[in-house]
Amino acid sequence: MLDQSFSTENFRKIFDLENRKGNYLEGDFFPELEKLSQKVQASSHALREVRRKKISYAPEKYQELKSKAKEQLEEHKSDWENELVKQLDCVSSEVCNRNFSFGLTELDIGTSKNVFVSNKSAPAYFALKQMQFNIRRLYKVKQSNRHQIVCQLRELLCDKLPKYIVRTDISSFYESIPRDQILRKLRDDPLLTLQTKKLIRRVLHEYGNLTGNDTGLPRGVGISAYLAELYMRDLDASIRNYPGVLYYARYVDDIVVIYCPPPNVGTLKFKQLIAKSFKQLGLKRNREKTKIYPTTPFVMTYLGYIFDVDNGLVKLRMSDTKVARYKKRIDLAFSDYATKANAGELSARRLLEKRIDFLTGNTRLVNNKKNVVSGIYFSNSLLNDLSDLSSLDDHLKAAISNLPNGRLKTRLQKRSFVRGFETKRYKKFSAQSLFEIVEVWKHAS
């Protein structure tokens with residue numbers, strides 16, 4: 001049986017798991033632990049130094065120094081371990097306290113939908129992580145793979161069989177999900193423990209108090225994605241199992257269906273099924289984004305790509321929204337350079353070069369042990385029509401042409417979106433550099 005408890009032992013598993021992901025929680029939540037960790041690192045370094053200088057010592061002296069260094073290292077490791085257990089004991093006690101609160105607050109990030117965050121405390125962080133783990137493991141909940149969906153669609157749209165492609169999405173997805181239905185489902189299900197259900201109710205109650213609404217899940221809080229996926233299972237099943245449906249995929253609120261009706265049967269009944277399925281769950285279709293495409297030719301935007309389909313050929317281009325986002329980032333980078341150059345041209349120039357390198361190239365994300373890569377190729381790897389990248393190169397060249405610094409112009413003219421995509425060019429950035437690079441875009445849509 002799965003241990004769902006909000007215990008020191010389970011929080012230690014979360015701590016170790018996040019460490020393996022490259023998310024070091026010591027600095028965020030446990031400053032005393034971070035100090036002890038520095039002592040462990042210093043002792044480990046001292047032991048390595050003794051071993052490195054082995055030939056410099058007499059055998060007896062070397063053994064003495066090595067034993068002393070090992071003893072100090074083990075002592076510091078023990079202090080670190082004891083402090084971690086002590087801290088996690090306190091976290092567990094606070095989470096299980098009847099007056100515990102997630103301290104939910106609303107953030108305006110410059111988009112049409114605000115997001116919500118819990119307070120920056122260890123109890124709120126570990127409680128949410130444990131809740132997510134419990135739901136994910138018990139209900140086998142996971143979000144669809146964007147890359148996989150696009151690959152599958154590309155292959156299915158290559159054949160010339162007669163079919164319809166239905167594209168729709170859910171209006172205000174997180175905000176419209178009925179909380180009472182989710183809570184009723186969880187309350188009637190014996191899988192989750194009472195403590196997990198209690199904490200789920202608490203975070204949703206805090207969200208309701210903030211918004212004054214009876215419906216919705218807090219966008220931005222990790223557990224909302226798991227609850228939404230759990231809630232959408234009935235809709236997924238009703239559409240996927242309908243006669244004539246060849247393919248169904250949903251990525252959060254974006255839905256695509258490939259439908260092949262029986263002879264002399266149109267799409268009316270199928271549209272009615274979708275509308276009925278949405279209504280039963282208390283959800284609304286986005287009518288503006290609901291479209292039915294014939295077999296060929298047609299152009300459809302889905303998951304950041306434009307599918308241009310004609311007689312079995314499928315061209316994948318960048319979505320208009322994504323192209324606009326890249327252009328906006330180029331403009332913001334040059335605008336920030338113009339502002340900062342007055343105070344210090346050299347530092348402004350170096351930062352502009354880093355930003356253009358970041359946009360036109362690829363990089364491995366720092367502090368991430370999974371070696372996650374990102375960039376112009378890895379964020380758009382399924383493109384087989386590079387015309388949009390050429391358009392971005394033209395936009396970049398126009399911005400470069402307005403620069404007063406001839407040497408900077410020459411250096412930046414070597415940067416290219418097309419070349420960065422085709423060569424998968426890498427550029428390394430430190431954590432500090434990445435922070436400075438993205439700072440100018442953090443509120444850009």
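Among contacts in this chain between residues at least 6 apart in sequence, 71% join residues at least 24 apart. The model is a predicted one. With the whole chain displayed, the C-alpha trace spans about 95 × 70 × 45 Å along its principal axes. The chain contains 18 helices and 11 strands. Of its 445 residues, 43% count as buried. The area exposed by the chain is about 24300 Å², and carbon and sulfur atoms supply 50% of that area.

**The open sheet**

Select strands β4, β5, β3 and β6, which form an open sheet in that order with antiparallel pairing. At the edges stand β4 (245-251) and β6 (291-293); each has a single partner strand, so one side of each is left without a neighbour in the sheet. From one strand to the next, the twist averages 15 degrees. As general background, strands of a sheet pair through backbone hydrogen bonds, either parallel or antiparallel.

Next, restrict the view to residues 164-169, which are strand β3, together with β6; the two pair in the antiparallel sense over three bridges. Within this pairing, pick V166: its bridge partner in β6 is I292.

Which helix packs on the sheet, touching β4 and β5? Select residues 146-156 to see helix α6, which makes those contacts with β4 and β5 (254-259). The direction of α6 makes about 155 degrees with that of β4.

**Salt bridges**

Side chains of opposite charge can pair when their charged atoms come close. The structure holds 25 salt bridges, and three stops follow.

Begin with E18 and K129, whose closest N and O atoms are 3.7 Å apart in a salt bridge. This pair links distant parts of the chain: E18 belongs to helix α1 (residues 8-21) and K129 to helix α5 (residues 122-139), 111 residues apart. Are the two partners buried or exposed, or in between? E18 has 3% relative accessibility and therefore counts as buried, the cut-off being under 20%. K129 has a relative accessible area of 24% and is partly exposed.

Then move to R154, which forms a salt bridge with E155; here the closest N and O atoms are 3.1 Å apart. R154 counts as partly exposed, at 23% relative accessibility.

The third stop is D336 with R355, a salt bridge in which the closest N and O atoms are 2.7 Å apart. D336 lies in helix α13 (residues 320-341) and R355 in helix α14 (residues 345-360), so the pair ties together parts that are 19 residues apart in sequence. Both residues of this pair, D336 and R355, are buried. Now select E353, D357, R411, R415 and R425: salt bridges that share partners join these residues into one network.

**A nonpolar surface patch**

For the final view, show the surface and select L107, I109 and V117. These residues make a nonpolar surface patch of about 190 Å². Where is I109 placed? I109 is in the loop between β1 (105-107) and β2 (115-117). Its relative accessible area is 33%, which makes I109 partly exposed. Membership of a patch requires over 30% relative accessible area, a cut-off that I109 passes with its 33%.

Notes. Residues are numbered from 1 along each chain as its sequence is written. This is a predicted model: local features need pLDDT of at least 70, side-chain atom pairs count only at pLDDT 80 or more; totals for chains, interfaces and linings use all residues. Side-chain values use heavy atoms; hydrogens and water are left out. Patches are made of residues with over 30% relative accessible area and no salt bridge: like charges are joined within 9 Å, nonpolar side chains (Val, Leu, Ile, Met, Phe, Trp, Tyr) within 5 Å. Accessible areas come from the Shrake-Rupley method with a 1.4 Å probe; for residues, only the protein chains shown count as cover. A salt bridge is a side-chain nitrogen of Lys or Arg within 4 Å of a carboxyl oxygen of Asp or Glu. Helices (H or I, at least four residues) and strands (E, at least two) are DSSP runs, numbered from the N terminus. Buried means under 20% relative accessible area, exposed over 50%, partly exposed in between (1.4 Å probe, protein chains only). Two strands pair if DSSP finds at least two bridges between them. Axes are lines fitted to C-alpha atoms, for helices over the stretch in contact, and angles run from 0 to 180 degrees between N-to-C directions. Contact means heavy atoms within 4.5 Å.
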